[in-house]
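User: I am new to this structure and should be grateful for a close look at a single part of it. Please choose one strand, describe its two faces, and then place it in its surroundings.

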Amino acid sequence: MKRFLVCLAIFGFLAAFATGSAHSATYNFELSSTDLSNAFGDPGLNHDLYYIWGITQNFGGETVTSATLSFNNISNWIVEPNWLYVYLVDSVPTGLHWYNSPKGAGSTFDSLVPQSNYAYLDTLNDLPTTGQNIVLDLGALSGGRSAIDLFGLFVSDTVFGIGLDPHCHYWLDTISLNVVTAPVPEPGTLVLLGSGLVGIASWGRRRVRG
Ligand SMILES: [Ca+2]
Ligand SMILES: [Ca+2]
């Protein structure tokens, strides 16, 4: 019996490690300049609009460990003060949506309701007319609470989005969202690991009695 329990324990642990946990996953979402051009016919982000990019993705219960939002080869159309307000959105239909926004300083998102649907991320400020790549690391941003925690909360129902309000026109190639999730043990792995623990525990008890 003792030998059986030892074998069960060894098998359980070995099988669990051999099976492994589900590997961490990386997800990429991208909007091209052409996607954005559907808004007004000209590519890029239009001053007269604000945008909400809705994404539906089931992360399978995995925890989001990092997320970056990249603006690739972005530039302002002329030399002037400019602002691009960037938000996380909790609930929005899938796809790119655009709406009129008044010209002038200030973010249109500040007047949207319910405000709980929008979380401010960052403002890209006074970009030059030469293109550059800008990466916003959600793990490094916070507004009362970590942006990555908030993002994890927003994606938990598989529906989330990115909000953008440009003040002035921006040219760009792509906007991409990169999400990395932590591995979660597969159910089969947990069963095997459990059998290893049961084997060890039973063996331990018998040793004590013995
Ligand atoms: Ca605007
Ligand atoms: Ca959501």
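Analyst: The part chosen here is strand β10, in a model that is predicted. The strand has two faces: I175, L177, V179 and T181 form the covered one, while T174, S176, N178 and V180 form the uncovered one.

Two strands may be considered as partners of β10. With β1, which spans residues 25-32, β10 pairs in the antiparallel sense, and eight bridges link the two. Within this pairing, T26 has V180 of β10 as its bridge partner; V180 belongs to the uncovered face. Strand β3 is also joined to β10 by eight bridges, and these two strands run antiparallel. Here L69 stands opposite L177 of β10, and L177 lies on the covered face. In general, the strands of a sheet pair through backbone hydrogen bonds, in either a parallel or an antiparallel manner.

Strand β10 also has a place in the largest nonpolar core of the chain. That core has 36 residues, and Y87, V89 and F151 are the ones with the most contacts inside it. The elements giving two or more residues to the core are β2, β3, β4, β6, α3, β8 and β10, the last of which covers residues 174-181. Strand β4 supplies the largest share, six residues. As a general tendency, nonpolar side chains in soluble globular proteins are buried together. One core residue, V89, shows what surrounds it: beyond its neighbours within four places in sequence, V89 is in contact with I52, N117, Y118, F160, G161, I162 and G163.

Another contributor to the core is helix α3, residues 147-155. Its buried residues are A147, I148, F151, G152 and V155. Viewed down the axis of α3, these residues fall within an arc of 140 degrees, and therefore they line one face of the helix. The elements covering them include β3 (64-76), β4 (83-89), β6 (118-125) and β8 (159-167). Thus β3, which is bridged to β10, is also among the elements that cover the buried residues of α3.

Several of these strands belong to an open sheet. It is formed by five strands in the order β5-β2-β8-β4-β6, with antiparallel pairing. Its edge strands are β5 (95-100) and β6, each of which pairs on one side only. Direction ignored, neighbouring strands of this sheet are turned against each other by 20 degrees on average. At the β5 edge, six bridges join β5 to β2 (residues 49-56), and the two run antiparallel; Y50 has Y99 in β5 as its bridge partner. Helix α3 packs on the sheet, where it touches β4, β6 and β8, and its direction makes about 50 degrees with that of β4.

The chain as a whole gives the wider setting. It holds four helices and 10 strands, and buried residues make up 26% of its 210 residues. Of the contacts with a separation of 6 or more, 88% are between residues 24 or more positions apart.

Finally, some care is needed in reading the model. The average pLDDT of the chain is 84, and 75% of the residues score at least 70. Over residues 12-20, however, pLDDT stays under 50, and the model has 16 contacts there beyond four places in sequence. Where pLDDT is low, the predicted coordinates should not be read in detail.

Conventions
Residues are numbered from 1 along each chain as its sequence is written. Chains are lettered from A and ligands numbered from 1 in the order in which they are written. This is a predicted model: local features need pLDDT of at least 70, side-chain atom pairs count only at pLDDT 80 or more; totals for chains, interfaces and linings use all residues. pLDDT is the predictor's confidence in each residue, from 0 to 100. Two residues are in contact if their C-beta atoms, placed from the backbone, lie within 7 Å. A residue is buried if 20 or more other C-beta atoms lie within 10 Å of its own, exposed if 12 or fewer, and partly exposed in between; C-beta atoms are placed from the backbone. The arc is that of the directions from the helix axis to the C-beta atoms. Two strands pair if DSSP finds at least two bridges between them. Axes are lines fitted to C-alpha atoms, for helices over the stretch in contact, and angles run from 0 to 180 degrees between N-to-C directions. A nonpolar core is a set of buried Ala, Val, Leu, Ile, Met, Phe, Trp, Tyr and Cys residues joined through C-beta atoms within 7 Å.
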